[in-house]
Each structure stands twice: as C-alpha cells, then as structure tokens.
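This report goes through a single protein model and its ligand. The topics are the fold, the core, one helix pair, the ligand shell and three individual residues.

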Amino acid sequence: MSEQTSFYDEVGGHDVFRRIVDAFYREVAADDILRPMYPEEDLGPAAERLLLFLEQYWGGPTTYGETRGHPRLRMRHMPFHVNPEARDRWLRAMRIAVDEAQLSPLHEATLWDYLQRAAHAMVNTFEPTGAGPTTEPRGGTNLPLHPGA
Ligand code: HEM
C-alpha cells in the first residue's frame, strides 16, 4: 500500500499518456530519419509498446512487463542505428508531443528530464545514418525501471 499517488495518476493517467504517444508517432511518421527505422509498416504496435512502457515506468498498469518482460531498452535498441542524429529527431518529436499535452510545469520538467536522459542513453553508434548496421557489439548498462531506481 502506498500513500503517494503516482506520477501516472497525477498527470491524468491513460488518456494523457495515450495522447503523448499518439502525437509522438504522428511526428515519427513524418520524419525521414526515424520512419525508415521502424521495421513494421504499421506504427500502431510500436506505439502500443512505447505507451505500455511509459505507463508502467511512471507507476501505471504493469501490462508492459506482463507482456514483454524486462524492458532491457538499450538491448532492444541494438538492432537499430541510434546515432545522435536519430536521438535528436526522437527528442524533437517527443518535445512536440509533450508540449501538446500541456502538463503542469513540474510534471513537464520531470518527464522531459527523464526522456532526455533516456534518449541519450539509447545512442549506440556514432556512425552517420545510412552507413549500415554496426557489427561491433555495443554493450552498456540498462536504464533504471522506475524513477530513482
Ligand atoms: C534515441 C532515439 C530512439 C530511437 C531512434 C528509437 C527507435 C526505436 C525503434 C526503431 C524501435 C522498434 C519499434 C518496435 O517496437 O517495433 C523502438 C522500440 C522501443 N523504444 Fe525506442 N527509440 C529511441 C529512444 C527510446 C527511448 C528514450 C525510450 C524510452 C524512454 C524508448 C522506448 C522504446 C520501447 C519501450 C520500445 C519497444 C521495446 C519492446 O520491444 O518491448 N525508445 N525504438
């Protein structure tokens, strides 16, 4: 039992996370660096995975873990060419999505701080876009599962 409400509840729960993720993928769909990185033609399933992950991370339902297991996000991004350019495009799309959600300044700052740190941690190559997959194993630490973990 916890007496504290979660960040998830504080910002407005599922509807707010849904709105952020939908806006983010609308931007991804229009981005010439990001869009080709997504293996599936339909971005819907990828949007669902990001939504469930973010909801779980911020104290909402744990459906992500029940269906996908441990996030191991750095590992799951290894097949993709996440260079600083891709990171900056990802953050640009997310910035628009977060702005549209019109969170309180404190919630906005908390969420944005996390997203920036996570995006920087996801970079796994400095090869320019279009250089093909990197063959070197790119190890690294995993991101924490919860704020403060
Ligand atoms: C830095 C730039 C990033 C790029 C270019 C990128 C790109 C991708 C791509 C191409 C996928 C595969 C799509 C799919 O699920 O089928 C993916 C999956 C995913 N990404 Fe990212 N990503 C980035 C950063 C992040 C960050 C910062 C987070 C979390 C805060 C994140 C969370 C996820 C999640 C949860 C999945 C699905 C993992 C699973 O398979 O369960 N990504 N990403």
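The sections below start with the overall fold and end with single residues.

## Overall fold

The model is predicted. Its protein has seven helices and zero strands, so listing the elements from the N terminus gives α-α-α-α-α-α-α, with numbering by DSSP runs.

The protein has 149 residues, and 17% of them count as buried. Among contacts with a separation of 6 or more, 76% join residues that are 24 or more positions apart.

## Nonpolar core

The largest nonpolar core contains 19 residues. Val21, Phe24, Leu54 and Ala93 have the most contacts inside this core. Three elements each give two or more residues to the core: α2 (14-29), α3 (44-57) and α6 (84-101). The most come from α2, which gives six residues. In soluble globular proteins, nonpolar side chains tend to be buried together.

Ala93 can be followed further through its contacts. Leaving out residues up to four places away in sequence, alanine 93 touches Phe24, Glu27, Val28, Asp31 and Leu34. Phe24, one of these contacts, is also among the residues with the most contacts inside the core.

## The α2 and α6 pair

How do the axes of α2 and α6 cross, and at roughly what angle? The two axes come within 8 Å and cross at roughly 145°. The crossing in which α2 passes α6 is right-handed.

On the α2 side, the contact is made by Val16, Arg19, Ile20, Ala23, Phe24, Glu27 and Val28. These residues meet Ala93, Met94, Ile96, Ala97, Val98, Glu100 and Ala101 in α6. By residue class, the contact of α2 with α6 divides into eleven nonpolar, no polar and three charged residues.

## Ligand shell

Around the ligand there are 22 residues, of which Ala46, Arg49, Phe53, Trp90 and Ala118 are the closest. At least two residues of the shell come from each of α3, α5 (73-77), α6 and α7 (105-122). Both α3 and α6 therefore appear in two roles, since each gives two or more residues to the largest core and each supplies at least two to the shell, as elements numbered from the N terminus.

The shell divides into 16 nonpolar residues, one polar residue and five charged residues.

## Valine 123

Valine 123 is found in the segment after α7. Is this valine buried, exposed or partly exposed? Valine 123 counts as partly exposed because 19 C-beta neighbours lie inside 10 Å, whereas a buried residue needs 20 or more.

Not counting residues up to four places away in sequence, valine 123 touches Val82, Asn83, Pro84 and Arg87. The C-alpha atoms of valine 123 and arginine 74 are separated by 8.4 Å, although these residues are 49 residues apart along the chain.

## Two positive phi values

Arginine 72 lies in the loop between α4 (63-68) and α5. Its phi is near 40°, a positive value in a residue other than glycine. Arginine 72 is exposed because it has 12 other C-beta atoms within 10 Å, and the limit for exposed is 12 or fewer.

Glutamine 102 lies in the loop between α6 and α7. This glutamine has a positive phi of about 50° although it is not a glycine. With 10 C-beta neighbours inside 10 Å, glutamine 102 also counts as exposed.

Notes
Residues are numbered from 1 along each chain as its sequence is written. This is a predicted model: local features need pLDDT of at least 70, side-chain atom pairs count only at pLDDT 80 or more; totals for chains, interfaces and linings use all residues. A nonpolar core is a set of buried Ala, Val, Leu, Ile, Met, Phe, Trp, Tyr and Cys residues joined through C-beta atoms within 7 Å. Helices (H or I, at least four residues) and strands (E, at least two) are DSSP runs, numbered from the N terminus. Two residues are in contact if their C-beta atoms, placed from the backbone, lie within 7 Å. A residue is near a molecule or strand if its C-beta atom, placed from the backbone, lies within 6 Å of it. Ala, Val, Leu, Ile, Met, Phe, Trp, Tyr, Cys and Pro count as nonpolar, Asp, Glu, Lys and Arg as charged, and the others, Gly among them, as polar. Axes are lines fitted to C-alpha atoms, for helices over the stretch in contact, and angles run from 0 to 180 degrees between N-to-C directions. A crossing is left-handed if the near helix is turned anticlockwise from the far one by less than a right angle, and right-handed if clockwise.
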